[in-house]
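Hi everyone, thanks for coming. Today I'd like to walk you through one protein model, and please stop me whenever a term is new.

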Amino acid sequence: MANHPHHSNALLNVAVVGHTNTGKTSLIRTILRSTEFGVIEDAAGTTRHVEQATISADNEPILNVYDTPGLEDSRALHAHIKKLQAKSRLLLPAQVLEHFVTHVAVNDPLEQEAKVIRQVLRSDILLYIIDVREPFLEKYRLELDILTQAAKPIVPVFNFIAGHQQELALWRQNLAAYNMHATLEFDTVAFTFEAEKRLYQKMQTLAETYYTPLQKLIDYRAKLWNQLCLSGAKRIADLIVSVACYRENKMMKHHQIANSLTEDRLHDFVRKAEQRCLHDLLSLFNFLEKDVAIQNIPVSNGQWQLDIFAPGILKAYGLDLGSAAAKGAAAGAGIDLMVGGMSLGAASALGALAGAGWSTFKRYGDEIKATVQGTTWQCADENTLRVLYLRQKHLLKKLMHRGHAAQDALQVDQVDLEKLPDQWNKLISALRQNPTWQDSSVARNAHPQFRDIEAKLVDALLDER
Ligand SMILES: Nc1nc2c(ncn2[C@@H]2O[C@H](COP(=O)(O)OP(=O)(O)OP(=O)(O)O)[C@@H](O)[C@H]2O)c(=O)[nH]1
Ligand SMILES: [Mg+2]
């Protein structure tokens, strides 16, 4: 591809402008993947000066982004510019703006606005950030009027769109009336990689000489994003595998105390395994405590609010399966007793062989199995595994829709329920038959059956990305 000599010394300059408190600094933080940049506050006039940051792809600088103070007194600015224009009829509209920024006095009431206009004139593209919750007031029209005068491409970016579809539609209509059609939706809270990609694609069409470096950035970001999501899904698959493969040896005959100890150990194992997974996922996606709150993730102090064995958890994940839930049985209360490697069918045949009917087997089956094999095992029950999967899937979805921006938890939360993967029962029973897969090993990771199960779990976890 042709290497524009132009690019080695000049990066694309993008100015982020708009009315005060619309989320300009927030948007920049999100695209920088940094919570360090600038100051964010739910108040007007938070950003006081122009601040620059560079966005790179694989250490190659691609573009400069400029945060600007919010426009406050649009009416006064508009009146001032129009007055200058009237005095100097021969100047082009952009030259009038140049004149304004070079002649504005220190401590002029429009000094803040002058900083913004100065940066606008030095930039190649303007992102005009809109809080769609606000009606299309005159002040916004006046702002757009002045910004248009700079003769730079403007991309209106709709922010605060989560739960404000109607307002968004109105804004579209109003902007279309001002000949602005190429808009973007980029909610800094309910942020997705797709939205970010469209932002850079829009820049590509507006600044065609920067097409190649921008494509590099898009590809680079896509690669990182896919790797991140894949790592997250693999981490969850790992949790499911280790819990499904878990077995507690029960050497003793049925004994009330021994049983409850075994169950405690099992619960403890599942809780700790899920906790480690939560911790790993949050750090993988670089989620801080406040991000957790913003995304409405039911986690406090790095721990799930609802214990995996709490009554009510089945219902929370759409697994309210009649009788079990009605009896208030928690996931995990049920115990699976299995003869190692032997299917339940084989075990029941064994019961019949031992001369007992099915009903007797049901009552004494455990003992029969224990007698024959000398050992029984206790595994995590079906519902525990289901809840474990569904809860992590829900979490992963939240993590994949992150923003680095807002500080308040205003986001509208959809309580849509996740689905179990196809062939879930088959996958789980295959895992249960292979207790040695509980921990990662070269042999396990190379085993075709294991790889197939892992791939199916990962695919299902990422299905709606
Ligand atoms: N819910 C929600 N809040 C947001 C979003 N974007 C920004 N905010 C919040 O809006 C407030 C203003 O955000 P800032 O990024 O400081 O806005 P700004 O445009 O830089 O403000 P000034 O620098 O004062 O002009 C903060 O409280 C943010 O947390 C969003 O998409 N959704
Ligand atoms: Mg700001």
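Let me begin with a word we will need: two residues are in contact when they have heavy atoms within 4.5 Å of each other. Keep in mind that what you see is a predicted model. Now take the contacts in the protein chain between residues at least 6 apart in sequence: 75% of them join residues at least 24 apart.

Next, the overall picture. The protein chain has 465 residues, and 48% of these count as buried. Its secondary structure comes to 19 helices and 11 strands.

Let's go to the metal. Which protein donors does the magnesium ion, ligand 2, have? They are the OG1 atoms of Thr25 and Thr47, lying 2.0 to 2.1 Å from the ion. This pair links distant parts of the chain, as the two threonines are 22 residues apart. Thr25 sits in helix H2, residues 24-32, while Thr47 belongs to the loop between H2 and strand E2, residues 51-57. And are these two threonines buried or exposed? Both Thr25 and Thr47 are buried.

Now for two pairs of helices. In the first pair, helix H9 (residues 211-244) packs with helix H16 (residues 382-400), their axes 10 Å apart and at an angle of about 165°. Angles over 145 degrees count as roughly antiparallel, so H9 and H16 are roughly antiparallel to each other. Their crossing is right-handed. If you want to find the contact on screen, look on H9 for residues including Trp225, Cys229, Gly232 and Ala233, and on H16 for residues including Leu385, Leu388, Tyr389 and Gln392. What kinds of residues make up this contact of H9 with H16? There are 14 nonpolar and two polar residues, and no charged ones.

The second pair is helix H17, residues 424-432, and helix H19, residues 448-461. Their axes come within 11 Å and cross at roughly 140°. H17 and H19 are therefore oblique to each other, and the crossing of H17 and H19 is left-handed. On the H17 side you will find Trp424, Leu427, Ala430 and Leu431; they meet Gln449, Ile453, Lys456 and Leu457 of H19. Sorted by kind, the residues of this contact are six nonpolar, one polar and one charged.

To put the two pairs side by side: H9 and H16 cross right-handed, whereas H17 and H19 cross left-handed. Thanks for listening, and I'm happy to take questions!

Notes: Residues are numbered from 1 along each chain as its sequence is written. Chains are lettered from A and ligands numbered from 1 in the order in which they are written. This is a predicted model: local features need pLDDT of at least 70, side-chain atom pairs count only at pLDDT 80 or more; totals for chains, interfaces and linings use all residues. Side-chain values use heavy atoms; hydrogens and water are left out. Donors are N, O and S atoms within 2.8 Å of the metal (3.2 Å for Na, K and Ca); water is not among the atoms, so sites may look incomplete. Helices (H or I, at least four residues) and strands (E, at least two) are DSSP runs, numbered from the N terminus. Buried means under 20% relative accessible area, exposed over 50%, partly exposed in between (1.4 Å probe, protein chains only). Axes are lines fitted to C-alpha atoms, for helices over the stretch in contact, and angles run from 0 to 180 degrees between N-to-C directions. Angles under 35 degrees count as roughly parallel, over 145 as roughly antiparallel, 65 to 115 as roughly perpendicular and the rest as oblique. A crossing is left-handed if the near helix is turned anticlockwise from the far one by less than a right angle, and right-handed if clockwise. Ala, Val, Leu, Ile, Met, Phe, Trp, Tyr, Cys and Pro count as nonpolar, Asp, Glu, Lys and Arg as charged, and the others, Gly among them, as polar.
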